Amino acid sequence: STSQALDASGAQVAILARAGQDLGKYGLKWSHLGFAYRTGEEKGQGVWRVVHKLNACGESTSSLYRQGLAEFFTDDPYKYEAAFVALRPEVARRLLPIFSDNAQLSRLHEPSYSMVAYPWAQTYQQSNQWALETFALAMESDAGDRKRAQAWLQFKDYRPTTLNLHAFQRLGARMTRANIAFDDHPGEKCWSDRIETVTVDSVFDWLLRKVDAEPLITVR
């Protein structure tokens with residue numbers, strides 16, 4: 001169904017999300033995103049691939065993957081729904097060369113992982129954050145490191161999601177989960193229970209506000 005919807009969009013590149021976890025208590029619908037791109041058309045057999053960052057088995061590190069749509073959706077999702085924003089051709093042209101170049105693809109990748117990494121720090125990096133920073137790299141030639149990519153995103157008015165997590169939630173998560181850390185967050189925000197991080201919902205909101213993307217498509 002997702003493949004057919006992507007085909008119908010006419011796009012070459014889309015930001016594709018899945019509902020891997022139930023994040024409803026935080027007011028969020030989608031948990032994870034990647035870049036979906038159409039490849040192989042020169043052979044008359046165009047297929048959709050997804051490049052994304054994954055944190056395996058709750059560990060404190062992560063890696064980048066290229067997968068097919070089936071693999072992208074078989075990671076024990078909370079529900080089989082997807083959403084995507086098709087990117088305009090001029091944006092797709094900037095991104096496509098990165099997807100086939102391992103060095104460029106991993107240029108802004110930080111293996112140290114935290115599920116709630118602070119959007120404007122470089123200590124950790126979560127999956128949605130890597131995609132957003134790589135998007136900045138494609139759009140701005142001077143965004144050659146994470147700090148500059150984040151500065152570009154701030155300039156373009158990207159707004160992270162603020163999660164309200166009280167101290168006991170934060171303490172319990174840090175003690176029991178290797179893939180959650182809070183020490184990269186500013187103290188005045190962290191201790192007032194305001195945890196800012198990159199979410200799929202905030203990325204979609206920014207794309208529709210600032211990047212002149214196509215409307216959001218939901219696939220059920």
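Is F135 buried or exposed? In this predicted model, F135 is buried, its relative accessible area being 3%. The residue belongs to helix α5 and takes part both in a helix contact and in an aromatic cluster, and the description below begins with these surroundings.

Two packed helices are described by the angle between their axes and the distance between the axes. Helix α5, spanning residues 127-139, and helix α6, spanning residues 146-155, have axes that come within 9 Å and cross at roughly 85°. The two helices are therefore roughly perpendicular. On the α5 side, the contact is formed by Q129, L132, E133, F135, A136 and M139, and on the α6 side by R146, A149, Q150, W152 and L153. By class, these residues comprise seven nonpolar, two polar and two charged.

Aromatic rings recur through the model, with eight aromatic pairs found in a search of the whole structure. In one of them, F72 and F73, the ring centres lie 5.1 Å apart and the planes stand at 80°, so the arrangement is edge-to-face. Both of these phenylalanines are buried. The rings of F135 and W206 also form an edge-to-face pair, because their planes stand at 80°, with the centres 5.7 Å apart. This pair connects distant parts of the chain, since F135 lies in helix α5 and W206 in helix α9, 71 residues apart. W206 is buried, with a relative accessible area of 1%. Both residues belong to one aromatic cluster, together with W120, W152 and Y158.

The helix that carries W206 also meets the sheet. Helix α9 (residues 200-210) lies across β1, β2 and β5 (79-86), and runs at about 25° to β5. The sheet itself is open and has six strands in the order β4-β3-β2-β1-β5-β8, paired antiparallel. Strands β4 (63-68) and β8 (217-219) occupy the edges; each has a single partner strand, so one side of each is without a neighbour in the sheet. From one strand to the next, the twist averages 30°. Strands β1 (residues 13-19) and β2 (residues 32-39) run antiparallel and are joined by six bridges. Within this pairing, A14 is placed opposite A36 of β2.

A further local feature concerns the backbone. Most residues other than glycine have a negative phi. D157, by contrast, has a positive phi, near 70°. The residue is located in the loop between α6 and β6 (161-164), and D157 is partly exposed, with a relative accessible area of 24%.

Terms used. Residues are numbered from 1 along each chain as its sequence is written. This is a predicted model: local features need pLDDT of at least 70, side-chain atom pairs count only at pLDDT 80 or more; totals for chains, interfaces and linings use all residues. Side-chain values use heavy atoms; hydrogens and water are left out. Axes are lines fitted to C-alpha atoms, for helices over the stretch in contact, and angles run from 0 to 180 degrees between N-to-C directions. Helices (H or I, at least four residues) and strands (E, at least two) are DSSP runs, numbered from the N terminus. Angles under 35 degrees count as roughly parallel, over 145 as roughly antiparallel, 65 to 115 as roughly perpendicular and the rest as oblique. Contact means heavy atoms within 4.5 Å. Ala, Val, Leu, Ile, Met, Phe, Trp, Tyr, Cys and Pro count as nonpolar, Asp, Glu, Lys and Arg as charged, and the others, Gly among them, as polar. Two strands pair if DSSP finds at least two bridges between them. Buried means under 20% relative accessible area, exposed over 50%, partly exposed in between (1.4 Å probe, protein chains only). Rings of Phe, Tyr and Trp (its six-membered ring) pair if their centres lie within 6.5 Å; planes under 30 degrees apart count as stacked, over 60 as edge-to-face and the rest as tilted.
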